[in-house]
Amino acid sequence: MEWLKGLRKGYGRKLVSLHTWNGWIVLILALTGLILISGLWRGVLGEVRVWIKWAHIVVGIISIVPVVYYLLLAAKHWKQLRGKPWQRFNVLVILGLLLGWFGSGIVLWQFKAFGPANSNIALFVHDALTWVGLPYIIYHSITRLKWLKQPQRLSVKAPQEEETLHPAANPQAVYTRRAFIKWTIGAGLAVTLGPSFLQWLGRSLGGGTGNLEQLIENDANRMVPPPQPLPASAPPIGGGSQGRFRVYTVTPIPQFSNADWSFTIDGLVENKLHYDWERFVAMPRVAEVSDFHCVTGWSVYSNTWEGIPLKTLLAEAGVSDQARTVKFYSGDGVYTDSLTLEQVEEMDDVLVAVMHDGKPIPSDLGGPVKLIVPQMYAYKSVKWLNRIELIDGDHDGYWIVRGYAKDAWVTKS
């Protein structure tokens with residue numbers, strides 16, 4: 001094991017280098033991660049967001065290299081830290097953060113292999129470690145700046161007069177400046193980030209009721225008359241959704257009223273259909289219970305959606321023999337997606353929905369009308385749906401051309 005002995009020589013310089021590399025890795029992961037979860041950047045970056053996502057994944061994978069390298073040096077370093085419990089604690093915290101981020105990140109990256117349930121857990125762990133880890137690393141980094149270690153700044157001694165008047169007291173430094181600054185920074189981070197962390201924790205563990213109430217309260221749509229729930233939706237047969245929706249959009253959230261909303265089914269159909277709100281909301285509906293899964297790792301379970309089955313609308317329009325694909329348009333004027341007719345034939349639960357858990361779908365959630373494709377990931381469930389077109393070719397939707405998998409099945413390979 002001569003190579004290991006050589007590796008351990010000059011380990012101090014290696015540890016400094018590892019510390020630097022870890023700092024850069026965490027910085028890159030933090031910046032790219034914040035961009036990925038921000039709704040604003042989704043619309044601004046477009047295709048660039050997919051490259052940022054892959055940069056986040058690649059750097060996340062690379063983050064394991066310094067950890068493995070440190071473990072080769074760990075035995076000697078641990079001996080050097082004998083009698084320094086706080087430094088040992090710091091090492092364990094950093095290793096725990098890096099390994100936790102790496103493990104949960106792998107699950108989120110390979111979400112199809114692990115399934116929604118494991119992805120939900122991984123996302124919670126990933127978020128929790130970020131809430132705890134980033135403030136800790138910021139605190140650790142600032143308090144280890146060189147100017148904090150300058151000897152002339154290390155202490156604030158008791159005044160000379162006090163030593164003269166009370167020599168027997170033999171006073172020590174009342175408080176080091178470094179300790180004061182460290183505690184000040186720590187308290188500042190706790191006060192600044194603490195309430196936000198507790199709010200996130202409550203949202204993550206407390207279900208989705210408050211989330212939905214807020215979304216409904218902020219509904220920007222003005223559609224009259226509102227849809228009246230079926231008996232199966234009041235109370236919802238699903239018992240009420242479990243989880244919290246994260247509002248993602250690639251454009252500013254549109255808002256609609258009776259004056260500017262319509263719904264069209266056209267293209268390769270025998271009967272072009274056009275609805276205003278009054279006619280559309282009066283159509284017979286069904287209620288279905290399903291789970292809603294996002295590729296970013298979160299899910300909302302036991303949703304009661306109420307709407308018109310897609311197959312019913314297509315049957316009313318009469319699909320031409322030349323048609324191969326059903327293309328869906330969002331009322332934001334940008335987002336589209338599609339299902340093949342073969343996929344539609346396989347699924348009986350695809351809904352053109354107008355209600356969620358017995359209430360109109362709010363604008364932030366994709367209302368007044370939203371496509372629901374329960375067996376596929378949520379980017380297939382087009383928000384603000386206002387047009388269905390039958391076409392003879394294929395169509396790659398907004399996120400498909402930006403790097404998302406065309407195969408959007410949740411459990412089906």
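In this predicted model, R387 lies over the face of Y329, at 4.4 Å from the ring centre. A second arginine is placed in a similar way over a tyrosine: the charged end of R402 sits over the ring of Y398, 3.6 Å from its centre. R402 and Y398 also meet through polar atoms. A polar atom of the R402 side chain lies 2.9 Å from the backbone oxygen of Y398. R402 belongs to the segment after β11 (385–391). Its relative accessibility is 16%. Buried means under 20%, so R402 counts as buried despite its charged end.

Aromatic rings also pair with one another. The count comes to 17 aromatic pairs. One of them joins F245 and W298. Their ring centres are 6.1 Å apart and their planes stand at 80°, so this pair is edge-to-face. The pair links distant parts of the chain, with the two positions 53 residues apart. F245 is in the loop between β1 (242–243) and β2 (263–267). W298 is in the loop between β4 (286–293) and β5 (299–309). F245 is buried, with a relative accessible area of 5%. W298 is buried too, at 6% relative accessibility. The rings of Y275 and F280 form another edge-to-face pair, because their planes are at 80°, with centres 5.7 Å apart. Both Y275 and F280 are buried. Ring pairs also build a cluster, which links F245, Y248, F292, W298 and W305.

W305 appears again around A353. The contacts of A353, leaving aside neighbours within four places in sequence, are W305, E306, G307, I361, P368, V369, K370 and I372. A353 lies in strand β8 (residues 351–356). Its relative accessible area is 0%, so A353 is buried. A353 and R285 are 68 residues apart in sequence. In space, their C-alpha atoms are 8.7 Å apart.

One contact of A353, P368, takes part in an unusual peptide bond. Most peptide bonds are trans. The bond between G367 and P368 is cis, with omega at about 20°. P368 lies in the loop between β9 (359–360) and β10 (370–372). A cis peptide bond also joins V224 and P225, and here omega is about 0°. P225 is found in the loop between α10 (209–217) and β1.

Backbone phi angles give further exceptions. Most residues other than glycine have a negative phi. S302 is not a glycine, yet its phi is positive, at about 60°. S302 is placed in strand β5. It counts as partly exposed, at 24% relative accessibility. W384 is not a glycine either, and its phi is positive, at about 50°. W384 sits in the loop between β10 and β11. Its relative accessibility is 3%, so W384 counts as buried.

Helix α12 spans residues 310–317. Its buried residues are L310, L313, L314 and A317. Seen down the helix axis, these residues fall within an arc of 95°, so they line one face of α12. Just after the helix comes G318, with a positive phi of about 75°.

Notes. Residues numbered from 1 in each chain as written. Predicted model: local features only at pLDDT ≥ 70, side-chain atom pairs only at ≥ 80, totals over all residues. Heavy atoms only, no water. Buried < 20%, exposed > 50% of the residue type's maximum accessible area, 1.4 Å probe, protein only. Helix = DSSP H or I, 4+ residues; strand = E, 2+ residues; numbered from the N terminus. Arc of directions from axis to C-beta. Contact = heavy atoms within 4.5 Å. Phe/Tyr/Trp six-rings, centres within 6.5 Å; stacked < 30°, edge-to-face > 60°. Lys NZ or Arg CZ within 6 Å of the ring centre and 35° of its normal. Polar contact = N/O pair within 3.5 Å; in protein donor to acceptor, adjacent residues only side chain to side chain.
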